[in-house]
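Got the viewer open? Let's take a walk through this one, stop by stop.

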Amino acid sequence: MRKKIVAIVLAAGEGKRMGSGIPKQYMIIKSRPMVYYSLKTFQESEVDEIILVTGIDEIEYCQKYIVDKYKFSKVKKIVPGGCERYESVYMGLQAIEDADYVLIHDGARPMINQKIVFDSIRGAMKYGACVVGVPAKDTIKVVDEEEYAKETPPRKILWIVQTPQSFQFELVKNAYKKLIESGDTTATDDAMAVEQYSGHKVKLIMGSYDNIKVTTPEDVRISRAFFRTRKLFRVLHEIHDRIIWFQMKLYLLKKK
């Protein structure tokens, strides 16, 4: 029997570091609200349902101007989030009626693609818990309270963690239930919640260096540049495919 896969897209953050006056997930990138791109990717993927978590005041806007406007039929529920990310994730998990696997994704990561979604689903099925990320390119320093360097971990063991973070549904749901009941506010991502409250090991799988989280105005400019580059490569691939098609036609004509 086919397994049911649900994606939770988090769009409840205030985006204070953006300094834009509007939540960052609704900022316009290529004539679309930023969260549109995550929803579109999941809509076109193997995911069966999408739960959109947003601010309570933005539910009506999201329904009318994003979900309905762009015909995101897989968005089954729009639920209010909490003040912190872990609270929003918990609200999203509570909104799922049944699932085998769940992918939890930040709506402020618009560069997610189908390969990342595909690999995340397969990773969740194989390992029970997996997170996309990329190996750190830069040297990382651990600092003390006065911001003096006190340790330099070897770069080969450091990864930059991204989303989606993907799990067996009951595993992550139970971990978050324990986290909420404990009153713990230190969990900064879903993997940390699962590690601490289930003891289950989390597998890291390769994501993409393009899959950035848009947090500052500089990130907006970078994401727009990524989209332009992606469009250029798509055009080049289409031209390449057309050339191959013509070459094949010429070859077949000569064979005649």
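**The whole thing first**

Start with the full surface: the protein exposes about 14,800 Å², and carbon and sulfur atoms supply 55% of that. Keep in mind that you're looking at a predicted model. Switch to cartoon view and you'll find 7 helices and 11 strands. Of the 256 residues in the protein, 44% are buried. Now think about who touches whom: taking contacts between residues at least 6 apart in sequence, 73% join residues at least 24 apart.

**Stop one: helix H4**

Select residues 114-127, which is helix H4. Its 14 residues reach 20 Å from the first C-alpha to the last, close to the 20 Å expected at 1.5 Å a residue.

Next, colour Ile116, Val117, Ser120, Ile121, Gly123 and Ala124, the buried residues of H4. Where do the buried residues fall when you look down the axis of H4? They sit within an arc of 165 degrees, so they line one face of the helix. The spacing helps here: an α-helix has 3.6 residues a turn, so residues three or four places apart point the same way.

Spin round to the face of H4 turned away from that buried side, and you'll meet the exposed residues Lys115 and Lys126. What covers the buried residues of H4? Show strand S1 (5-11), helix H1 (34-43), strand S6 (101-106), strand S7 (129-135), S10 and S11, which are included in the cover.

**Stop two: a nonpolar patch**

Go back to the surface and select Trp159, Val161, Leu204, Met206 and Tyr209, which make a nonpolar patch of about 400 Å². The elements giving two or more residues to this patch are strand S10 (159-168) and strand S11 (203-206). Click on Met206, which has its place in S11. Met206 is partly exposed, with a relative accessible area of 40%.

**Stop three: a cis bond**

Stay with S10 and pick out Pro164, found in that strand. A cis peptide bond joins Thr163 and Pro164, with omega about 15 degrees.

**Last stop: two loop residues**

Jump to the loop between strand S2 (28-29) and strand S3 (32-33), where Ser31 lies. Phi of Ser31 is near 70 degrees, a positive value in a residue other than glycine. Ser31 is exposed, with a relative accessible area of 52%.

Finally, find Glu147 in the loop between strand S8 (142-143) and strand S9 (149-151). Glu147 has a positive phi too, about 65 degrees, although it isn't a glycine. Is Glu147 buried or exposed? Exposed, with a relative accessible area of 68%.

Definitions and conventions: Residues are numbered from 1 along each chain as its sequence is written. This is a predicted model: local features need pLDDT of at least 70, side-chain atom pairs count only at pLDDT 80 or more; totals for chains, interfaces and linings use all residues. Side-chain values use heavy atoms; hydrogens and water are left out. Patches are made of residues with over 30% relative accessible area and no salt bridge: like charges are joined within 9 Å, nonpolar side chains (Val, Leu, Ile, Met, Phe, Trp, Tyr) within 5 Å. Accessible areas come from the Shrake-Rupley method with a 1.4 Å probe; for residues, only the protein chains shown count as cover. A salt bridge is a side-chain nitrogen of Lys or Arg within 4 Å of a carboxyl oxygen of Asp or Glu. Helices (H or I, at least four residues) and strands (E, at least two) are DSSP runs, numbered from the N terminus. Buried means under 20% relative accessible area, exposed over 50%, partly exposed in between (1.4 Å probe, protein chains only). Contact means heavy atoms within 4.5 Å. The expected span of a helix is 1.5 Å times one less than its number of residues. The arc is that of the directions from the helix axis to the C-beta atoms.
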